Amino acid sequence: MSRKPQFESELDDELQFHLELQTEEFVRQGLTPDDARREAQRQFGGVEQIKEQVRDTRRLVWLSDALRDARLGIRMLQRSPGFVVTVALILGIAIGLATTIFSFVRAILLEPLPYPQADRLVVIRSVNPERELQLFGVSWPDLQDWRNQATSFDGIAAFRHLTCDLTDGQSTQRIHGMSTTRDFFEVVDVPLAFGRTFNADEEGTKSGKLVLGHDLWLHRFRGDPDIVGRTQDVYSWARYPETGPFAWEIVGIAGIDIPFLPTDTNVVRESPGINERVEFWQPPWVFNKDDRTARYEWTAVARLKPGVTIEQAASEMRLISKRLADEHPESNRNWSAEVVPLEELVTSEIRPALWLLCGAVGFLLLIACANVSGLLVVRGIARQQELAVRIALGAGRWRLIRQLITESLLLCLAGGAAGILLSFWSVDVVRAFAPPDVPRLQTVRIDVLVLAFALGLSVLTGVLVGGLPALLGSAFDLNETLKSGGRSVSAAKSRRRMMGGLVIGEVAVCLVLLTGAGLLIRSFASVLAVDPGFRTDQMLTMTVSLPSAKYEWKHNTEFCVELVTKLRELPGVESASAIRGVPTRETHFDSNLYFADRPPVPKHELPQAVARVIEPGFFETMEVPLLEGRLFEPADSIGRIGYSRVTVCNETFAKRFFPGESALGKRFSVTGSDENMMEIVGVAGDVRFSGLTRQPNAEFYYPEALFPQTEFTLLIRTAGEPQSLLGTVEKLVREAEPDVVITAPQSMDEVVSESLSRERFLMLLLSVFSLGALVLSVTGHYGVMVWSVSQRRREIGIRSALGATTAQIVWQIAGEGLLLTMTGLAIGAALSLAGARWIESELYGIAATDPVNLATAVLVLLLASLLAVTIPAIRGARVHPAEVLRSE
Amino acid sequence: MSKDRLELLQGTLDMLILKSLDLEPMHGFGISVRIRQMSQEVLQVEQGSLYPALYRLENRGWIRSKWGVSENNRKAKFYELTAAGRKQLGLERENWERLSTAINLVMGMA
Amino acid sequence: MTSSSESPLISMRQLCRVFLTEEIETYALSGVDVELRRGEFVSIAGPSGCGKSTLLSIMGLLDSPTEGEYFLKGDEVGSLSVRQRSRVRNREIGFIFQAFNLIGDLTVWENVELPLTYRGMPAADRREQVERALTKVDMAHRMRHYPAQLSGGQQQRVAVARALAGSPAILLADEPTGNLDSKNGLAVMDLLKELHADGATICMVTHDPRFAGFADRTVHLFDGKVVSAEEAEQQASAVDVPAAVAS
C-alpha cells in the first residue's frame, strides 16, 4: 500500500506545524527566534522520537486490529461449523495431496546429494553424436589422457560397481561396492575413519586391498579398529574367469557411507542405485589397459575446480576429445566427452514423472480453491447486509477486504492443518506404492521444509480464495444495498459472471486431468497386454548364487544341470529350468557378431546381439514357442567350455540379420575367429527380457553346460500356487550346496508386476487426482446451479406467469449451465492438446493427443455436468409463480 | 511536567483530548494549548504522548481528521469529535467520576 | 363496449379457494361469481386480505380454484393441468404487476418479446408484434435499454407492452400504480384507458380510489365473497379502517 510514505509525510507536516507554532509562542513570550526554536525543539523532545512512537503505536494498532479481525473471524466461523467442515475437507484433501507430492519433490530434487559440495561433482561421459550413443563409461587409456590434460577439475576419478561375497568361514554375506581409482576418495570427498586408501602401486593389479564401508565395519566387525591390517576372505564375484586371491587385506575404514553413484557400467548385474550405500572399495583391475574402444567399464567422476563453470569444463573436454580423435582416429573418431552434473544424472529419469504429478496435484488444488471461492461468494452474499452496516459505521473498503481475507485465511489454515494431518498418512501410503527404483525414496518424509510448504500453501490459498470474493463482497453501492436489504442488480451480475467463470475454469482443468488419467490408464492397459513371450503364471523363480570361494566358473559345470534335474523330480513341479538373469528386468551385455560369409566390418560398426545362457529345458518350461528348426539337444551340451557349436536365436535376431530368408544354418562367431563359429539350429519366439515396454533385443542362446554360471535364476513351473513350493525348493537347493545365497524368491507374476510398478504408480495417482477433481467440479457446478436458480426465483416466476412451460424453463436454465460446461470443455481440450508433451514420456502404445481418449473424457465430463445441471433446473422450475410474484 | 505524572494519566489523556474537541475541531498544537489552559497550566501534554494518542483515537473512530488551513494560513491537520466519540466522552466522564469518588473516599477526602 | 348478445369472455361460478396450513383452513374465496364481457374494464376492490389477489391469480391461471368453475372464452379452464394452464396463460392472459417484474438481464425489446418466444412464433412475426406493442405504449425509442436504465413509469409501460404483445384475451393488472408516484400512475392509467377505448378487456385490482373510477364497473370483495357497493361501504366504516390501506 502506498499509504505508508503518504502517512509518513503527513505526520512530518503535522509535527512541523506544531513546532512552528510552539516557536512562535516562545517568541511571543520574549525569547529570541533562535532561543525560541531551540526551546521548542527541546520541549518537543525530538521529532524523530515522536515519529517513532507514533509508528510504534501504529504497529501495535495494526497488530491488535489483525488480532481482532482474527478473533472476529473465528467467532463467525464458529457459527457455521458445517461450512467450516466442508471447506476444511475440500482444502484438506487438496493441500494434503499437494504436500505429499512436495515431500517427494523435496527429497528427490531439492535436497542436495549426500556428498560434500555435491553441486561441484560431475560425471564425464563418452558420446558419439553420429551414432547417437551416450555412454556412461570411458576407456582406460582415454581416462588417463583426460587426467593428464584436463585443467578444469580437482581430479578425475574412475569407478565401477562390484558385488562380492564376504565370508569368515562360517557365514557368507553378499556385499556391494565399488572398484575405484584411489583419487576417488579425494574427488568425492570420502573421509577415512581409520587406515588409508590405496597406494599407487596397488592400482591396476590384483592387489587384494580393501577399504570397508563404515556401516559394514560397525555391523560385521563390531567396530573393531584393529581390523585394519588384517586380512579377510573376500570372494570377488566378477564376470571374468579369474577370481582374485581369496584373502584380502583391509587397509582402511571409511568415515561415512556414501550412496552409489549412477552408472550403467556394472559388469554383471543391475547397478545398485543411489538408494543403496557403498559397502567396500577395491583398487581397480584394468583388463583393457590399452584398448581405447572398451568404453563400457569405467565411469569418470570429477570435481570442478572452484570458479570453473560447467560450460568451461565442457568445452575443455570437447577440445581434449577432438585432440584424441585426431591422434587416434581408429578408435576415437567422432567420439566426444560431455560433462553432466551428478545431481542431474541421479534425477533425470524420474523428473518428467515428478513434474507431471506436480502439475496434476496443482490442478486439483486449483479446482478445490475455485470451489471454496464459490462457497465464499455465496456466503458473502448472505452477509451483504452486515457488511453494508459495517461500512455505514465507518469501516473503509480496505478494512472490510482485510477482514474478509482474514476469515478466508483462517478457513484455509484450518484446511491446511487438516491437509498436514492427511499428509502424514498419505506420504507413507504413496511411498509404499512407489516403484522401488525411485531415487532417494527412503528420504521422502515430512520435515520442517515440507511443513513450511504446507503452511505457505495454505496462506497462499487463503489469499487467492478469499481475494476475489472479498473484492466482490465489498464493492457495492451502499445506499442501494441498505435499501434493498442486500440485493443489488449490478453486484448480482458480477457475482454471476464470477461464478460462471469459476465453473468454466473448473471444467477445463478437470478435463485436463481426466485426459491425463485416461492416457495413463490406456497406456498401462497396453503394457499389460504386451505378450512377454512366455507363460508367466504358476511359475516360481529365485536367483541362486554359488559362493565363489568354492566354485570357479570353469569347474561347476554340473551343478546347475544336476540341480534342475532334482527339481524336476519334486512333486508339484511340472517342469524346471534355469537362466542367467531374470526375465523382464535384466540388463545385458552386447556381444559383437562376426557373420560367416559376410565382408569384414570395422569394429565399431559391428552388429550386436545379446547372449543368454540357459539350461536347455528353458523353452519348454517357459513355454516359448519354437518357430523354426530345433531346440538344444543333449549332444549340444557336450564340448569345450566356453565354446558352443550351435545356437538358437530369437525371432528379432533372425528378422534383423537375415531378413527375407531363413536363419537356419547360418553361422557367426562372437570373437571374430573362425574357430568359434556357431551354427543357428533353431529360431524361437521373442522373450521380453528387458521389460514389457521395450522392444525385444536380438538375442541368441548358449547351453549352460558349456558356459557354467555361478549365479543363475531357477524357473520352476508349478502345478499349484508357486509360493507353496518355496520352502521345498529352497531346502533342496541348500542340500545341494549349503553356502548358497538365495535371493528374490518370487512368483513370475510378481516379477512381471513389479516391472510395471512405475506405470502403475503414475496411473493410480493420476486416477485418484482426477477422480477427486471430477467429484469436486461436478459438485461445484451443481452448487452453483442450485444457488443460481434460487437467486432467480423471481425471474422464473415471471417466465412461468408469461406462459412458459416447465419444460421450456428447464431447457433455458439447463441450457445456460451447459453453455458454461461446453466453454470449459473447449478450453480444457485446448489445454490438454497443448500440454500433451508433458506426459508423452510416460506413455506406451498411445499418443498423447489421442482423440478417442480426449473424446471419452469430454463425454464423461459432459454427462456428469448434465446431471449437475439438470437436477437443479428441474427442481427450480417447479416454482409456483403466484407465490413468488406476490411477495415483494 | 515530569514523566511519571504523565504515565498516570495515560488512559485519561484520551478523555482529555476528547473533551478538548467537544466544543470545536482543533489541530494537535491547539489541543495541547487548550488542555493546558483548561487545567490552568497544571496539565502539560508531551508531544510524544499526544500524537500516538491522536492516532489511536482516530483509529478507534472516536475522532476524525481533515487537512485544513490554520488561523495563520498554514496547512494543518484538524481533528473533530465523531458521534461515537461524543458518546465515548460521556462514558469516560461517568467512569472518571465514579473512580475519583471512590479514590477520594479511600484517601479520606470527602 | 359491451355486447349483451355475446356470451361472457370470463365466467366464474361459485369459485372457492381454500388454503390449508397445519391447523387452519383459510377460505380466501368462497362462492364467488364473476362475469366479464368482452371489452369491459372491471376493477376489483376491497380491503386487504379480502381475496382480490387470489381472485386475480385464479383468473390469470396462476392458481386453480379448490371448488367452482372458471370458463374462459367458453372453455372450462379451472381444472386444467399445469402444462395446459401455461399454454392458455401464454396466449390469452396479459399480466401487469405492481412490481413491474421485468427481467433485468434482458433488454426492453427482449422483455416484450419473451412471451412470444414461448409460443414458437417465427421471428418475423415476433418482430412485428413487439414493434406494434412498443409503439402503442410509446417506448419504442428505448428498445435497446435495460430495465435498470428506465424510470418506474417507463418500466411499467414496457410491462404493459409485454402484456399486449401477444394479443391476449384479457389484461390483468394487479395494483399497476402501486410502485409509481401520482404523475406516473396517472400516465399508466391513461394508457389503460386508451387501450380500453381500443377494445381491450381489462380487469384491475387496485386500492387507489382515484383510479377505481377509470373502470366501467367495480366488483367489491369482502372476506372472500362478492358484496354490493353499499355493503362494502358499511363494512369499511364498521371496521373503522380507511378503504385505501396498503396491504
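Helices are runs of at least four residues assigned by DSSP and numbered from the N terminus. In the predicted model described here, helix H1 of chain C covers residues 52–59, and just after H1(C) comes C:Leu61, which takes a positive phi of about 60°. H1(C) is a good place to begin a tour of the structure. Eight of its eight residues are buried, so this helix is largely enclosed by the rest of the structure. The buried set consists of C:Lys52, C:Ser53, C:Thr54, C:Leu55, C:Leu56, C:Ser57, C:Ile58 and C:Met59.

H1(C) also takes part in the meeting of chain C with chain A. Here, 19 residues of chain C are in contact with 14 residues of chain A. On the side of chain C that touches chain A, at least two residues each come from H1, helix H2 (82–92) and helix H3 (108–117) of chain C. The largest share, five residues, is supplied by H2(C). By class, this side of chain C divides into nine nonpolar, six polar and four charged residues.

Chain A also meets chain B, with 17 residues of chain A in contact with 16 residues of chain B. On the side of chain A that touches chain B, helix H1 (3–29) and helix H3 (47–79) of chain A each provide at least two residues. This side of chain A holds six nonpolar, seven polar and four charged residues. Of the two pairs of chains that touch, A and B share the most contacts. Chains B and C, in turn, are joined by no contact, and their closest C-alpha atoms lie 35 Å apart.

Chain B can be followed from end to end quite easily. Its secondary structure comprises five helices and three strands, and from the N terminus on, the elements run in the order α-α-β-α-α-β-β-α. Chain B has 110 residues, of which 27% are buried. Among contacts in chain B with a separation of 6 or more, 48% link residues 24 or more positions apart.

How are the strands of chain B arranged in their sheet? They form an open sheet of three strands in the order E1-E3-E2, with antiparallel pairing. Strand E1 (26–27) and E2 of chain B stand at the edges and have a single partner strand each, so one side of each is left without a neighbour in the sheet. As a general point, the strands of a sheet pair through backbone hydrogen bonds, in either a parallel or an antiparallel way. In chain B, strand E2 (residues 63–69) and strand E3 (residues 75–81) pair in the antiparallel sense over seven bridges. Examples help in picturing this pairing: B:Ile63 has B:Leu81 in E3(B) as its bridge partner, while B:Trp67 stands opposite B:Lys77 in E3(B). E2(B) and E3(B) form a hairpin with five residues between them, and in the turn B:Asn73 has a positive phi of about 60°.

Chain A is divided into domain 1 (6–45), domain 2 (132–333), domain 3 (351–528 + 757–887) and domain 4 (547–739). Between the C-alpha centres of domain 3 and domain 4 of chain A the distance is 57 Å. The average pLDDT of chain A is 84, and 90% of the residues score at least 70. Over residues 237–243 of chain A, however, the pLDDT is below 50; this stretch has 14 contacts in the model beyond near neighbours in sequence.

Two local views of chain A complete the tour. In helix H21 (residues 748–755) of chain A, the buried residues are A:Met748, A:Val752 and A:Ser755. Seen down the axis of H21(A), these buried residues fall within an arc of 60°, so they line one face of the helix. A general rule is useful here: an α-helix has 3.6 residues a turn, so residues three or four places apart point the same way. The buried residues of H21(A) pack against strand E13 (539–545) and strand E24 (741–747) of chain A.

The second view centres on A:Gly252, found in strand E9 (residues 247–254) of chain A. Why does A:Gly252 count as buried? A residue is buried if 20 or more other C-beta atoms lie within 10 Å of its own, and A:Gly252 counts as buried because it has 21 C-beta neighbours inside 10 Å. Leaving aside neighbours within four places in sequence, A:Gly252 is in contact with several residues, among them A:Leu192, A:Phe194, A:Val211 and A:Val228. A:Arg758 is 506 residues from A:Gly252 in sequence, and the two are 39 Å apart in space, C-alpha to C-alpha.

Methods:
Residues numbered from 1 in each chain as written. Chains lettered and ligands numbered in written order. Predicted model: local features only at pLDDT ≥ 70, side-chain atom pairs only at ≥ 80, totals over all residues. Contact = placed C-beta atoms within 7 Å. Nonpolar A, V, L, I, M, F, W, Y, C, P; charged D, E, K, R; others polar. Pairing = 2+ DSSP bridges. Buried ≥ 20, exposed ≤ 12 C-beta atoms within 10 Å, placed from the backbone. pLDDT = per-residue confidence, 0-100. Arc of directions from axis to C-beta. Domains from an automatic or database assignment.
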